[in-house]
Amino acid sequence: MIKRKKKNKEHNPFYDPTLKKRHLSAKRFKKFTLTSLIFSVAFLAFFLFDMIGKGIPAFNIAYIKTDVTFNEKTLEDTRFAVPTEYRNLVSRAALRDLPKLLEENPTYMNSTQNIWILASSQVDQYIKNHNHNLKDKDIAKVDELYAQGLIDKKFNAIFFENGDSKIPEYAGIFSAVIGSILTLIITMAVAFPIGVMTAIYLEEFALDNKFTRFIEININNLAAIPSILFGLLGLAIFINLFGMPRSSPLVGGLTLALMTLPIIIVSSRAALRAVPDSIRQAGYGLGLNKIQVTKGEL
């Protein structure tokens, strides 16, 4: 019976001898794909947790409570506003802002106030158990102040209110956020209308000739170009040729607009192709012209 079944399979015109092998290959490919997906998700989760874990301490920053003297001498050289043993522990930027603090509190003039003042980046890193360059005597002083409750970590509002700075503890993301928003606004203002209008023209109004086919080929090729080449193009044209400012959001916005234009054009054309021809014919049947039908599609 077994030999007969095997013989019947061999003479069956619909029997594929490679079917079993192909099924095994499909199972192996499925397992390989699933393993790759799990590995990718695990790596992404590890990357995000590591990034968040290392970034959370930046939301707090160290402050030192010390005596600050306000008089004409200390306003001329703010280093003398704090005791000598604190000069390496407090932030230089915080000392420079003492005149501004005095303007906000005129009663501090010719007096010594015990206030919280921003600590240096090295003290902040030491408190957070990160790498630092503090000397042994400064470490001993910091440990003493921390034990007395004269050093505390507070919410780092400076990180959100300030821009870039040479002083680490005074650096923030404010200018970067504003620059990113302005860049995105310029990108959308340039790329969206030009991309959509180009897609409408190529799909609805342009004749099918060599010129339009040449444009379509180039648009599809531009969509596959690496972003670094668009960056070099922006550097060569907008900065070197037109002399635009290097740090201007206008340059970044125009470069990103060039990079996103092919994607917007291809996507918009695909959306227009998805509209059934019956709707177009119905519009023409109602007496609408080409522009009115196109507006109805949008």
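How are α10 and α12 oriented to each other? Here are some notes on this predicted model, starting with that pair.

1. **The α10–α12 packing.** Helix α10 covers residues 210–222 and helix α12 covers residues 249–273; their axes sit 8 Å apart and make an angle of about 120°. The two helices are therefore oblique to each other. As for handedness, α10 and α12 cross in the left-handed sense.

2. **Who touches whom.** On the α10 side, the contact involves Glu216, Ile219, Asn220 and Leu222, and these meet Pro262, Ile265, Val266 and Arg269 of α12. Sorted by class, this contact holds 5 nonpolar residues, 1 polar residue and 2 charged ones.

3. **A salt bridge reaching α12.** Arg269 comes up again here, as its side chain forms a salt bridge with that of Glu203, at 3.0 Å from N to O. This pair ties together distant parts of the chain, with Glu203 in helix α9 (residues 174–205) and Arg269 in helix α12, 66 residues apart. Glu203 counts as partly exposed because its relative accessibility is 22%, while Arg269, at 10%, counts as buried. You may like to view the wider group too: Glu203, Glu216, Arg269 and Arg273 are joined into one network by salt bridges that share partners.

4. **Other salt bridges.** How many salt bridges does a search of the whole structure find? The total is 10. Among them is Asp50 with Lys54, whose side chains meet at 3.7 Å, N to O. Both residues belong to helix α2 (residues 19–55) and are 4 residues apart, about one turn of the helix. With 33% relative accessibility Asp50 is classed as partly exposed, whereas Lys54 is exposed at 64%.

5. **A buried pair.** Asp124 and Lys128 also form a salt bridge through their side chains, at 3.1 Å from N to O. Are these partners buried or exposed? Asp124 has a relative accessible area of 7%, so this residue is buried. Lys128 is buried as well, with a value of 15%, because the cut-off for buried is under 20%.

6. **Thr66 in strand β1.** To finish, a look at a strand: Thr66 lies in β1, which covers residues 60–70. The relative accessible area of Thr66 is 2%, so this residue counts as buried. Which residues does Thr66 contact, leaving aside its neighbours within four places in sequence? They are Val82, Pro83, Tyr86, Gln113, Asn114, Ile115 and Ile117.

Notes. Residues are numbered from 1 along each chain as its sequence is written. This is a predicted model: local features need pLDDT of at least 70, side-chain atom pairs count only at pLDDT 80 or more; totals for chains, interfaces and linings use all residues. Side-chain values use heavy atoms; hydrogens and water are left out. Axes are lines fitted to C-alpha atoms, for helices over the stretch in contact, and angles run from 0 to 180 degrees between N-to-C directions. Angles under 35 degrees count as roughly parallel, over 145 as roughly antiparallel, 65 to 115 as roughly perpendicular and the rest as oblique. A crossing is left-handed if the near helix is turned anticlockwise from the far one by less than a right angle, and right-handed if clockwise. Contact means heavy atoms within 4.5 Å. Ala, Val, Leu, Ile, Met, Phe, Trp, Tyr, Cys and Pro count as nonpolar, Asp, Glu, Lys and Arg as charged, and the others, Gly among them, as polar. Buried means under 20% relative accessible area, exposed over 50%, partly exposed in between (1.4 Å probe, protein chains only). A salt bridge is a side-chain nitrogen of Lys or Arg within 4 Å of a carboxyl oxygen of Asp or Glu.
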